[in-house]
Amino acid sequence: MTDKPVVSLRNLSFTYPGATSPVFRDFSLSVGGSEFVAIVGGSGVGKSTILRIASGLIKAESGTVEIAIAKEPTRRRRALVFQDGRLMPWRTVAQNTALGLEGLALSEAEKTRRIADVLALVNLSDMADRWPHQLSGGQVQRIGIARALAVKPDVLLMDEPFSAVDAMTRRHLQTELVRIWQQSGTAIIFVTHDIDEAAFLADRIIVMGDSPARIVNETTVPVDRDLRRDSQDLSRYADSVAGALDFQI
Ligand SMILES: Nc1ncnc2c1ncn2[C@@H]1O[C@H](COP(=O)(O)OP(=O)(O)OP(=O)(O)O)[C@@H](O)[C@H]1O
Ligand SMILES: [Mg+2]
């Protein structure tokens, strides 16, 4: 983790309208610049809610979301990737990728360049003019990631982005994501149900549990990224996370 946190969630409290108990109360989490943090936890514990608050989609009742990097007119501070890609069927791949660019201080030429750059990053340059229904599930996911990267976010928030794709595509997307993350230097908060996925991807794994939700376990994964696919060490870290999770559900 890089020294200074780039995103700080501080003392967040949140209750859905009409709900009898809060999802969390006084929840805090800091993520360093270019750190990769994975969040795991039982269904309904509040993982997606945390990402929605961190992304600004919904507002916490109390507490703050602080992004430590100065806002630039050509970038957004945060971008969210959903489980299902969320492409608009009436827009081409390039037009979908451009969605987040509206409102940024970019010329048409700069926008075109951005789109070309991120499509290249996810290895889909030749699909710019296709329609979403002409893509495979894994390609849809990669466009969702490209769209988020196009705004050059300081923090990329990902909510189970690979859960809807088959195991082989998933492995491939994981490898690609690490490569993209290393190239882009963005911080990532990645929610997943899959502990092995968390251990492969993350610098640090957070286990959420309890109600109201809190961080019940935190595991740093110091394994060399080049060795992660077949590291015995990695399964040790995954086991320790699984132990903390079993205790919760
Ligand atoms: N729009 C909503 N209105 C009311 N309650 C909601 C709403 N969205 C989620 N909840 C409730 O808030 C709690 C946290 O939901 P959240 O979606 O954050 O869980 P999660 O950890 O992402 O679960 P999963 O792993 O199943 O995706 C759950 O109890 C859920 O039922
Ligand atoms: Mg969720």
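This passage describes a ligand shell, an open sheet and several loop residues in a predicted model.

Local features were taken at pLDDT of at least 70 and side-chain atom pairs at pLDDT 80 or more, while totals for chains, interfaces and linings use all residues. Residues are numbered from 1 along each chain as its sequence is written, and chains are lettered from A and ligands numbered from 1 in the order in which they are written.

Ligand 1 is surrounded by Y16, A19, V23, G41, S43, G44, V45, G46, K47, S48 and T49; a residue is near a molecule if its C-beta atom, placed from the backbone, lies within 6 Å of it. This shell consists of four nonpolar, six polar and one charged residues. In this classification Ala, Val, Leu, Ile, Met, Phe, Trp, Tyr, Cys and Pro are nonpolar, Asp, Glu, Lys and Arg are charged, and the others, Gly among them, are polar. Helix 1 (residues 47-55) supplies the largest share of the shell, three residues. Helices (H or I, at least four residues) and strands (E, at least two) are DSSP runs numbered from the N terminus.

An open sheet is formed by three strands in the order 2-1-4, with antiparallel pairing; two strands pair if DSSP finds at least two bridges between them. Strand 2 and strand 4 (62-67) are at the edges and have a single partner strand each, so one side of each lacks a neighbour in the sheet. From one strand to the next, the twist averages 10°. Six bridges link strand 1 (residues 5-14) and strand 2 in the antiparallel sense, and V7 is opposite V31 in strand 2. Helix 1 lies across strand 1 and strand 4 and runs at about 120° to strand 1. Contact requires C-beta atoms, placed from the backbone, within 7 Å; axes are lines fitted to C-alpha atoms, for helices over the stretch in contact, and angles run from 0 to 180 degrees between N-to-C directions.

Two residues other than glycine have positive phi values. S34, in the loop between strand 2 (24-32) and strand 3 (36-41), has phi near 50°. S34 is partly exposed, with 18 C-beta neighbours inside 10 Å. A residue is buried with 20 or more other C-beta atoms within 10 Å of its own, exposed with 12 or fewer, and partly exposed in between, C-beta atoms being placed from the backbone.

The loop between strand 8 and strand 9 contains D210, whose phi is about 75°. D210 has 14 other C-beta atoms within 10 Å and is also partly exposed. P212 lies in the loop between strand 8 (204-209) and strand 9 (214-220), and the peptide bond joining S211 and P212 is cis, with omega about -10°.

Conventions
Two residues are in contact if their C-beta atoms, placed from the backbone, lie within 7 Å.
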